[in-house]
Amino acid sequence: MYLAAIHRYNDANPASHEQPMPTTKTRKPFPVPVKVKSKYDCLKCPGYCCSYQEIEINQRDIDRLAKHFGLSSAVAEERFTKWKASESVHLLRHRKDTVFDSICMFFDQDKRRCTVYEARPGVCRQYPDSKHCGYYEFLKFEREHQGDEEMVALT
Ligand code: SF4
Ligand code: SF4
(Lines give C-alpha, C1' and ligand atoms only; values in the text may rest on other atoms or scores of the structure.)
(Ligands and ions follow the chains in the order given, each with its own letter.)
Protein backbone atom coordinates (compact mmCIF):
# COMPACT_ATOMS: atom_id res chain seq x y z
CA MET A 1 0.00 0.00 0.00
CA TYR A 2 2.77 2.37 1.02
CA LEU A 3 4.88 1.32 -2.02
CA ALA A 4 1.90 1.73 -4.34
CA ALA A 5 1.50 5.28 -3.03
CA ILE A 6 5.18 5.99 -3.66
CA HIS A 7 4.88 4.65 -7.19
CA ARG A 8 1.82 6.82 -7.84
CA TYR A 9 3.72 9.84 -6.47
CA ASN A 10 6.77 9.02 -8.62
CA ASP A 11 4.66 8.56 -11.73
CA ALA A 12 3.09 11.96 -11.18
CA ASN A 13 6.40 13.65 -10.19
CA PRO A 14 9.28 12.23 -12.20
CA ALA A 15 12.75 12.98 -10.88
CA SER A 16 14.33 16.00 -12.54
CA HIS A 17 16.85 13.89 -14.51
CA GLU A 18 13.98 11.82 -15.92
CA GLN A 19 11.94 14.76 -17.11
CA PRO A 20 11.74 15.21 -20.88
CA MET A 21 14.04 17.81 -22.40
CA PRO A 22 12.22 21.08 -23.08
CA THR A 23 11.56 21.45 -26.78
CA THR A 24 11.27 24.32 -29.21
CA LYS A 25 8.29 24.79 -31.52
CA THR A 26 10.13 22.64 -34.05
CA ARG A 27 10.36 19.88 -31.40
CA LYS A 28 14.14 20.04 -31.35
CA PRO A 29 15.75 19.55 -27.94
CA PHE A 30 16.57 22.81 -26.21
CA PRO A 31 19.19 24.28 -26.15
CA VAL A 32 19.61 23.77 -29.88
CA PRO A 33 23.28 22.93 -30.58
CA VAL A 34 24.99 25.83 -32.32
CA LYS A 35 27.84 25.21 -34.71
CA VAL A 36 30.63 27.57 -33.65
CA LYS A 37 32.79 28.87 -36.46
CA SER A 38 36.50 28.37 -35.78
CA LYS A 39 38.69 31.45 -35.58
CA TYR A 40 41.75 29.57 -36.80
CA ASP A 41 42.79 28.03 -40.08
CA CYS A 42 44.96 24.92 -39.87
CA LEU A 43 45.62 25.18 -43.61
CA LYS A 44 47.58 28.40 -42.99
CA CYS A 45 49.52 26.98 -40.05
CA PRO A 46 52.82 25.07 -40.06
CA GLY A 47 51.44 22.63 -37.47
CA TYR A 48 52.47 23.94 -34.09
CA CYS A 49 50.23 21.53 -32.22
CA CYS A 50 51.77 18.53 -33.99
CA SER A 51 55.22 19.67 -32.88
CA TYR A 52 54.22 19.46 -29.23
CA GLN A 53 56.72 17.12 -27.57
CA GLU A 54 54.32 15.03 -25.56
CA ILE A 55 51.26 14.00 -27.51
CA GLU A 56 49.68 11.43 -25.30
CA ILE A 57 47.70 8.57 -26.79
CA ASN A 58 45.71 5.74 -25.27
CA GLN A 59 45.08 2.13 -26.20
CA ARG A 60 42.02 3.03 -28.26
CA ASP A 61 44.15 5.41 -30.33
CA ILE A 62 46.79 2.73 -30.81
CA ASP A 63 44.15 0.22 -31.91
CA ARG A 64 42.72 2.74 -34.39
CA LEU A 65 46.15 3.43 -35.87
CA ALA A 66 46.86 -0.32 -35.99
CA LYS A 67 43.65 -0.89 -37.94
CA HIS A 68 44.44 2.00 -40.26
CA PHE A 69 47.81 0.49 -41.17
CA GLY A 70 46.69 -3.17 -41.06
CA LEU A 71 49.01 -3.94 -38.15
CA SER A 72 48.58 -5.65 -34.82
CA SER A 73 48.16 -3.31 -31.87
CA ALA A 74 51.46 -4.55 -30.43
CA VAL A 75 53.34 -3.65 -33.61
CA ALA A 76 51.61 -0.27 -33.85
CA GLU A 77 52.46 0.45 -30.24
CA GLU A 78 56.11 -0.41 -30.84
CA ARG A 79 56.35 1.49 -34.11
CA PHE A 80 54.36 4.63 -33.37
CA THR A 81 54.71 5.25 -29.66
CA LYS A 82 57.26 5.65 -26.95
CA TRP A 83 56.62 4.93 -23.31
CA LYS A 84 57.00 7.68 -20.73
CA ALA A 85 57.64 5.61 -17.62
CA SER A 86 57.49 8.51 -15.16
CA GLU A 87 53.84 9.12 -16.07
CA SER A 88 52.95 5.66 -17.43
CA VAL A 89 51.70 7.04 -20.74
CA HIS A 90 52.29 6.39 -24.43
CA LEU A 91 53.47 9.36 -26.50
CA LEU A 92 53.46 9.66 -30.27
CA ARG A 93 56.93 9.27 -31.71
CA HIS A 94 58.56 12.32 -33.28
CA ARG A 95 60.91 12.89 -36.20
CA LYS A 96 63.31 15.71 -36.91
CA ASP A 97 61.45 18.54 -38.65
CA THR A 98 62.37 21.16 -41.22
CA VAL A 99 60.55 23.93 -39.30
CA PHE A 100 60.45 22.92 -35.65
CA ASP A 101 63.04 20.86 -33.78
CA SER A 102 60.87 17.80 -34.22
CA ILE A 103 57.29 16.90 -35.08
CA CYS A 104 54.89 13.95 -34.91
CA MET A 105 56.02 11.09 -37.12
CA PHE A 106 52.69 11.22 -38.98
CA PHE A 107 53.16 14.81 -40.10
CA ASP A 108 53.85 15.42 -43.79
CA GLN A 109 56.67 17.96 -43.66
CA ASP A 110 56.21 19.18 -47.24
CA LYS A 111 52.47 19.69 -47.18
CA ARG A 112 52.46 20.49 -43.43
CA ARG A 113 49.47 18.18 -42.90
CA CYS A 114 48.55 15.12 -40.87
CA THR A 115 48.86 11.93 -42.91
CA VAL A 116 46.55 9.89 -40.68
CA TYR A 117 43.75 12.39 -40.33
CA GLU A 118 40.96 9.79 -40.35
CA ALA A 119 42.78 7.67 -37.78
CA ARG A 120 44.33 10.43 -35.69
CA PRO A 121 44.30 10.07 -31.90
CA GLY A 122 41.55 11.49 -29.73
CA VAL A 123 43.69 14.31 -28.37
CA CYS A 124 44.33 15.54 -31.93
CA ARG A 125 40.58 15.49 -32.61
CA GLN A 126 39.84 17.54 -29.52
CA TYR A 127 42.55 20.16 -29.84
CA PRO A 128 42.15 23.12 -29.44
CA ASP A 129 38.70 22.40 -27.99
CA SER A 130 37.69 26.01 -28.51
CA LYS A 131 36.87 28.30 -31.39
CA HIS A 132 40.29 29.91 -30.83
CA CYS A 133 43.73 28.34 -31.13
CA GLY A 134 46.46 30.07 -29.10
CA TYR A 135 49.17 29.07 -31.57
CA TYR A 136 47.18 30.47 -34.46
CA GLU A 137 46.54 33.75 -32.62
CA PHE A 138 50.30 34.04 -32.09
CA LEU A 139 51.01 33.26 -35.75
CA LYS A 140 48.41 35.74 -36.99
CA PHE A 141 49.75 38.46 -34.69
CA GLU A 142 53.34 37.94 -35.88
CA ARG A 143 52.35 37.80 -39.54
CA GLU A 144 50.34 41.01 -39.29
CA HIS A 145 53.14 42.82 -37.47
CA GLN A 146 55.84 41.63 -39.87
CA GLY A 147 53.63 42.30 -42.90
CA ASP A 148 54.45 38.80 -44.13
CA GLU A 149 51.60 36.37 -44.62
CA GLU A 150 53.99 33.47 -45.21
CA MET A 151 56.33 33.83 -42.25
CA VAL A 152 56.55 31.05 -39.70
CA ALA A 153 56.91 32.52 -36.25
CA LEU A 154 58.80 30.26 -33.88
CA THR A 155 57.94 30.08 -30.24
S1 SF4 B 1 48.31 24.86 -34.02
FE2 SF4 B 1 46.13 25.43 -34.16
S3 SF4 B 1 45.92 26.30 -36.23
FE4 SF4 B 1 47.84 25.17 -36.16
S5 SF4 B 1 47.36 23.12 -36.96
FE6 SF4 B 1 47.19 23.05 -34.72
S7 SF4 B 1 45.02 23.51 -34.29
FE8 SF4 B 1 45.41 24.13 -36.39
S1 SF4 C 1 48.54 12.33 -35.52
FE2 SF4 C 1 48.25 13.90 -37.02
S3 SF4 C 1 47.14 15.52 -35.97
FE4 SF4 C 1 48.01 14.18 -34.40
S5 SF4 C 1 49.97 15.10 -33.89
FE6 SF4 C 1 50.36 13.59 -35.45
S7 SF4 C 1 50.31 14.72 -37.38
FE8 SF4 C 1 49.33 15.99 -35.81
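Two residues count as being in contact when their C-beta atoms, placed from the backbone, lie within 7 Å. By that yardstick, Phe107 touches Gly47, Cys50 and Cys114, leaving aside residues up to four places away in sequence. The model here is a predicted one, so local features need pLDDT of at least 70 and side-chain atom pairs count only at pLDDT 80 or more, while totals for chains, interfaces and linings use all residues. Residues are numbered from 1 along each chain as its sequence is written, with chains lettered from A and ligands numbered from 1 in the order in which they are written.

Phe107 turns up again in the largest nonpolar core (a set of buried Ala, Val, Leu, Ile, Met, Phe, Trp, Tyr and Cys residues joined through C-beta atoms within 7 Å; buried means 20 or more other C-beta atoms within 10 Å of a residue's own). That core has 13 residues, and Leu92, Ile103, Cys104 and Phe107 touch the most other members. At least two core residues come from each of helix H2 (59–69), helix H3 (73–80) and strand S5 (102–104); helices (H or I, at least four residues) and strands (E, at least two) are DSSP runs, numbered from the N terminus.

On to the sheet. Three strands make up an open sheet, ordered S1-S3-S2, with antiparallel pairing. S1 and S2 are the edge strands, each pairing on one side only. Strands pair if DSSP finds at least two bridges between them. S1 (residues 56–57) is joined to S3 by two bridges, with Ile57 opposite His90. S2 (residues 81–84) pairs with S3 over four bridges; here Lys82 faces Leu91 and Lys84 has Val89 as its bridge partner. The S2–S3 hairpin has four residues between its strands, and Ser88 takes a positive phi near 50°. S3 itself (residues 89–92) has His90 and Leu92 on a covered face, with Val89 and Leu91 on the uncovered one.

Helix H5 (residues 134–146) checks out on length: at 1.5 Å a residue, its 13 residues should span 18 Å (1.5 Å times one less than the number of residues), and the end C-alpha atoms are 18 Å apart, which agrees. Just after H5, Gly147 has a positive phi of about 65°.

Finally, the ligand. Around ligand 1 (C-beta atom, placed from the backbone, within 6 Å of it) sit Tyr40, Cys42, Cys45, Gly47, Tyr48, Cys49, Tyr127, Pro128, Cys133, Tyr135 and Tyr136. This shell has ten nonpolar residues, one polar and no charged ones, with Tyr, Cys and Pro counted as nonpolar and Gly as polar.

Technical notes:
A residue is buried if 20 or more other C-beta atoms lie within 10 Å of its own, exposed if 12 or fewer, and partly exposed in between; C-beta atoms are placed from the backbone.
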